[in-house]
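Biologist: I should like a close look at one part of this model, with the surrounding strands described as far as they help to place it. Please define each term with its cut-offs as it arises.

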Amino acid sequence: STQVTILPAHGIVGHQVGIPFSLTLNRGQTYSATASNYIAGTHLQGSGVIADKPIAITIKDDLLSGVPYGGGCADLGGDQIVPKNVLGTEYIMVRGFLNPPYDRAFFLATRDSTIIWVNNQVRDTLMTGETYVCAIGNNRSAYIRSSAPVTALQMSGFGCEVGLSILPPIRCTGSQSVAFTRSLNEPIFLTLLVKSGGEGNFLLNGSAAVVAAPLFDTVPGTKGEWMSAQISLSTVDAPVGVSSIISNKTHL
């Protein structure tokens, strides 16, 4: 008996733009809101959802074309989004492994007149539900700040295979130990973000030999406060089918 109300920012199959509609879901049930048009600009970004009990919302887009990245790839992208009360105003995107023109991130305003800065330069002012698209270009990372909480979704991937993931705000996230498993004998990489001073304190499966301080770069616009790195792992560093642990002795 969870009551869910949706306000479409764009057309949903069976529902018109700007006209809210409600539905009732029981435990374990799912409703899928499908955009009326396949064109990216008419998808459901900026739509509002309110529920009287906790719910999970997953966004998905199928298929995302890899043609702009030099190939005929097409892949599904999506992630579980987070509620407005845990959004932040500071984000860092670290470039993944897409071919040029590389990654983009999408920042959606939750309040009117939200100012967006990229590496401390003003880039846009958004109204509620509007999106600023940040292209990382040749930079290894970028620091994005907003005057009010925004959602952040990064488009990254490998080669011409495109994927999507929610970016967490940098002031309320992180862990000193994360486990992962290399499932196949395929390339695997670590993307690490840490405050300055912690870059030399990483251990991979208890060893300090793989993740070393010289591999880190300063994130632009953070005045040296944040460092990022991408580490390629061999099958010796992270064996196939075996759980590995990346940890930091002093920092999140």
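Where does Pro101 lie, and which strands are named there?

Modeller: Pro101 lies in the loop between strand S7 (97-98) and S8; strands here are DSSP runs of E with at least two residues, numbered from the N terminus. The model is predicted, so local features need pLDDT of at least 70 and side-chain atom pairs count only at pLDDT 80 or more, while totals for chains, interfaces and linings use all residues. Residues are numbered from 1 along each chain as its sequence is written, and side-chain values use heavy atoms, with hydrogens and water left out.

Within this loop, Pro100 and Pro101 are joined by a cis peptide bond with omega of about 10°. Tyr102 also belongs to the loop between S7 and S8, and its phi is near 70°, a positive value in a residue other than glycine. Tyr102 is buried, at a relative accessible area of 18%; buried means under 20%, exposed over 50% and partly exposed in between, with a 1.4 Å probe and protein chains only.

The chain then enters strand S8 (residues 104-109), which runs antiparallel to S11 and is joined to it by 5 bridges. Two strands count as paired if DSSP finds at least two bridges between them. In S11, Cys134 is the bridge partner of Ala105, and Thr131 is that of Leu108. S8 is also antiparallel to S12, to which 6 bridges join it; there the bridge partner of Phe107 is Ala152. Beyond S8, Ser113 lies in the loop that leads to S9. Ser113 has a positive phi of about 60° although it is not a glycine, and it is partly exposed, at a relative accessible area of 47%.

The partner strand S11 (residues 131-135) has alternating side chains: Tyr132 and Cys134 point to one face and are buried, whereas Thr131, Val133 and Ala135 point to the other and are not. Leaving out residues up to four places away in sequence, Tyr132 touches Ala105, Phe106, Phe107, Ile116, Val118, Arg123, Asp124 and Leu126, where contact means heavy atoms within 4.5 Å.

Phe107, Tyr132 and Cys134 recur in the largest nonpolar core, which has 18 residues; together with Tyr91, Met93, Ile116 and Ile144 they touch the most other members. A nonpolar core is a set of buried Ala, Val, Leu, Ile, Met, Phe, Trp, Tyr and Cys residues joined through side-chain atoms within 4.5 Å. S6, S8, strand S9 (114-118), S11 and S12 each supply at least two residues of this core, and S12 gives the largest share, 4 residues. Apart from it lies another core, of 16 residues, among them Val194, Phe216, Ala229 and Leu233.

S6 and S12 appear again around the second largest pocket, whose volume is about 1,300 Å³. Of the 41 residues that line this pocket, Pro168, Leu190, Thr191, Leu192 and Leu193 are the closest to its centre. On a 1 Å grid over the protein atoms alone, a pocket is an open set of points where a 1.4 Å probe fits, with protein on both sides within 12 Å along at least five of seven lines; lining residues have an atom within 4 Å of a point. Points are joined across faces, edges and corners, and the volume is the space filled by probe spheres set on them. At least two lining residues come from each of strand S6 (88-94), strand S12 (141-159), strand S13 (161-166), strand S14 (177-181), strand S15 (188-195) and strand S19 (243-248). S15 gives the most, with 7 residues.

S15 further takes part in an open sheet of 3 strands, in the order S15-S18-S17 with antiparallel pairing. Its edge strands, each pairing on one side only, are S15 and strand S17 (217-218). S17 and strand S18 (residues 226-233) pair over 2 bridges in the antiparallel sense, and in S18 the bridge partner of Thr218 is Met227.

A further cis peptide bond, with omega of about 0°, joins Asp62 and Leu63. Leu63 is placed in strand S4 (residues 58-65).
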